[in-house]
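Biologist: Please take a close look at a single part, one sheet, and tell me how it is put together. I am new to this structure, so start with the whole and then go in.

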Amino acid sequence: MKIAYLIDDTLDTNDGVQQYVTTLGSWFEKQGHEVFYLCGETTRSDLNNMYSLSKNIKVKFNKNRLTIPIKVNKQKILKLVNKEKFDIVHVQAPYSPLMSGQVIKNLPEETKVVATFHILPYSKLETYSTKLLSKSVGKTNTLISKFISVSEPAKEFCKKYFGVDSIVVPNPINISKFKSNSKQIQINNSVVFLGRLVERKGPLKLIEAFSILPDNSNLNLTIYGDGPLRPKIEKLIVSKNLSKKIKLAGYISEKDKAKVLSESMIAIFPSLGGESFGIVLTEAMSSGAGIILGGDNPGYRSVLDNNNVLFNPNSPEEIASKIIQFSDNKDLFDTTHHSQQELVKKYDVEKVGPRILDIYSSIIGKTQNLSDN
């Protein structure tokens, strides 16, 4: 098959949607299919068959940074889709009418479209904005043969605000890649946070929690990532006299992510909300982290599938209590570690990829073997 992954955002970053696109794309290439990437303004050059189709600007949406298209070359789009005649175009939704919408409208009749819905809004503003966007792409939605949502919460939102039914297929992760880059050795007193330093990801609440741990606690917290909250975090650490307990390690590369996660006794992600899935959770499990604890939001709940590893992210007291519960109970810790190592297997691209292939094959009206082109 000839498959094109369509994304309005840049592929220069490695956020959740970008990882979805490149993980699936890499897997399908390995199965012998021809893969293309149709994206917003992008400068990276390591992907085969990548076409940057728009000029983009940086915006903040859903408490995240992303880029959106503001100008496209319609003739370039028309020439590309008619030349390549893709079997499948797989668009990431919600999508912009300016770029992805233009691609979908100009596809040859024989090209079939699949959409994956990724978002779960954090606030009423994002909910309202998404609702308006759904109206602007209503006509092109009718050209989509199959909708996928990355989780049950995303599915419910897709139905409510876009009026379409979807099937749930989770975000894939390349477990073997993470295993090969990890040390698989936990440091007994190590708690790790990894993510952007923004309010929605909950780093301030985590620091507050560390400030109320028992005096005899030997736990240390390392915060990986960067963002606008860094100056405030630095001041909070000093004001709470936690400079010996908490280290700000800054930005970490994708190459080193698996290593630091694998060394953690507890990998903790106190996100306040706006999560449709939680790729960082599956990355931590794949790396072999001791245990993964997460803020109780719909996306993280759907991935971790265990209420006992969830906590109220707005409560430093509950976060601290959860950390103590697992650090002081070896049997609970070991049982949870084992269950999470089993759980993550269902998110492996080697299991998710064939499910996506079945969807592609069903809508183009023929059965494909994994090695078929």
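**The sheet and its helices**

Modeller: The protein exposes about 16,800 Å² (Shrake-Rupley method, 1.4 Å probe, only the protein chains shown counting as cover for residues), and carbon and sulfur atoms supply 49% of that area. This is a predicted model, in which local features need pLDDT of at least 70 and side-chain atom pairs count only at pLDDT 80 or more, while totals for chains, interfaces and linings use all residues. Residues are numbered from 1 along each chain as its sequence is written, and side-chain values use heavy atoms, with hydrogens and water left out.

The secondary structure comes to 15 helices and 15 strands, which are DSSP runs numbered from the N terminus (helices H or I, at least four residues; strands E, at least two).

Now the sheet. Six strands form an open sheet in the order β12-β11-β10-β13-β14-β15, with parallel pairing; two strands pair if DSSP finds at least two bridges between them. β12 (246–250) and β15 (310–311) are at the edges, each with a single partner strand, so one side of each has no neighbour in the sheet. Between β13 (residues 264–269) and β14 (residues 291–295) there are four bridges in the parallel sense, and Ile 266 has Ile 291 in β14 as its bridge partner.

Helices lie across these strands. Helix α8 (residues 203–211) lies across β10 (187–194), β11 (220–224), β12 and β13, at about 170 degrees to β11. Helix α13 (residues 316–327) lies across β13, β14 and β15, at about 155 degrees to β13. Axes are lines fitted to C-alpha atoms, for helices over the stretch in contact, and angles run from 0 to 180 degrees between N-to-C directions; contact means heavy atoms within 4.5 Å.
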